[in-house]
Amino acid sequence: MSSDESPNVPAERDRRHAVREKAQQVQAQQSRARVVRTASVVTALIAVIAIAAVVVVWAVSSAASKPLLKPANVTDDGFVVTTVSGVGAPTDSGSVSSESPGALGTVPTDEEPLAEPATPAPAETEQPVVDIRVYVDYLSTGSHDFQVANVQQLSKWVSEDAATLTYYPVAMLTAKSNGTKYSLRAASAAACVATHSPDTFFAFNNALLGQQPAVDSDGYTDVELADMAIASGSDSPKVVRSCIEKESFSSWAKSATERALQGLPDTKGVALTGTPMVLVNGMPYVGALDDPKEFAQFVLTSASDAYYKTPTPTPTPTVTPTPATTP
């Protein structure tokens with residue numbers, strides 16, 4: 001018996017082909033989607049990197065174009081005292097001699113004043129002014145002791161033009177204030193006053209040292225430092241307050257400290273090793289910091305040495321012509 005029906009082979013083959021074609025289309029779509037996603041991710045990463053690069057370049061260029069603020073009225077990182085007005089009695093009377101300080105050329109002692117040198121000074125030579133330089137850290141107890149003991153005679157010598165007095169604020173004890181960086185901030189505040197109110201610098205400097213906070217304490221806040229500066233008689237209170245509260249010269253104070261640790265100007269290889277460091281005519285004072293008599297003696301000796309080392313003008317010899325001889 002024969003049959004006209006035969007297997008539907010072409011139809012089956014067509015279905016398989018259609019399935020494969022559909023699978024290829026789906027795979028192609030998925031591949032295109034992966035490509036699109038990958039391209040989007042890469043584009044986003046490139047954009048992020050580009051933005052970051054722009055930000056870094058802007059920050060670096062801004063930092064490079066912004067100059068380091070340097071205080072005014074500064075010489076070799078020091079501030080010369082121009083006036084001693086406004087400085088009252090020391091705050092720690094127990095550290096100060098009860099006697100009034102002597103003028104330069106005398107020493108405040110219980111004994112008779114030093115006799116004048118027997119050798120007369122050359123008439124042509126004027127006595128040189130003594131150069132006193134003081135490196136201070138406003139958290140250093142030694143700096144406090146020296147200032148309190150000697151502020152009266154330092155004031156007298158400056159007011160009588162017998163000495164020049166220069167203070168160099170440094171920050172060697174920045175880590176000794178519970179993270180507030182008091183030494184650095186106080187040095188910056190001193191630079192603010194010296195810049196914007198130089199006539200009150202000595203009074204503010206004296207207040208910082210005389211009313212010194214304890215080591216390992218927080219120290220004064222910037223607002224309190226500004227209050228002290230204004231109380232010292234600042235004639236530009238708004239400008240001084242802004243400068244102190246912004247810590248405008250903190251970077252300078254840090255750099256000045258680093259320079260002092262490398263070497264001090266106009267000395268024979270002397271570098272800052274601790275505070276206070278007091279130089280008289282370039283020679284370090286190594287006596288008692290709280291003894292004004294000993295310091296006065298050192299200053300007097302340095303002044304005498306400078307006086308007699310000043311060369312006496314050599315008289316110009318008179319040339320007498322030799323008379324001609326008659327043959």
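**Exercise 1. Describe how helices H5 and H6 cross, and state whether the crossing is left-handed or right-handed.**

Solution. The crossing of H5 and H6 is right-handed, a term used when the near helix is turned clockwise from the far one by less than a right angle, whereas an anticlockwise turn would make it left-handed. The structure is a predicted model, in which local features need pLDDT of at least 70 and side-chain atom pairs count only at pLDDT 80 or more, while totals for chains, interfaces and linings use all residues. Residues are numbered from 1 along each chain as its sequence is written, and side-chain values use heavy atoms, with hydrogens and water left out.

Next, take the axes, which are lines fitted to C-alpha atoms, for helices over the stretch in contact, with angles from 0 to 180 degrees between N-to-C directions. Those of H5 and H6 come within 9 Å and cross at roughly 150°. The two helices are therefore roughly antiparallel, the word for angles over 145 degrees.

Finally, look at the contact (heavy atoms within 4.5 Å): H5 contributes residues including Asp222, Leu225 and Ile230, and H6 contributes residues including Pro237, Arg241 and Ile244.

**Exercise 2. Find which cysteines form a disulfide, and explain what the pair ties together.**

Solution. A disulfide is a pair of cysteine sulfur atoms within 2.5 Å, and by this rule the count comes to 1. The sulfur atoms of Cys192 and Cys243 are 2.0 Å apart, and with -75° about the S-S bond their link is left-handed. Because Cys192 lies in helix H3 and Cys243 in helix H6 (residues 237–245), the pair ties together parts that are 51 residues apart in sequence. Helices here are DSSP runs of H or I with at least four residues, and strands are runs of E with at least two, numbered from the N terminus.

Now consider burial, where buried means under 20% relative accessible area, exposed over 50%, and partly exposed in between, using a 1.4 Å probe and protein chains only. Cys192 has 0% relative accessibility and counts as buried, and Cys243, at 5%, also counts as buried.

**Exercise 3. Explain why helix H4 is described as largely enclosed.**

Solution. Begin with the residues of H4 (residues 201–210): 10 of the 10 are buried, so the helix is largely enclosed by the rest of the structure. Among them are Phe201, Asn205 and Gly210. Then ask what covers these buried residues: the cover includes strand S1 (79–80), strand S2 (130–136), helix H2 (141–159), strand S3 (163–169), H3 and helix H5 (222–231).

Key:
Parallel < 35°, antiparallel > 145°, perpendicular 65-115°, else oblique.
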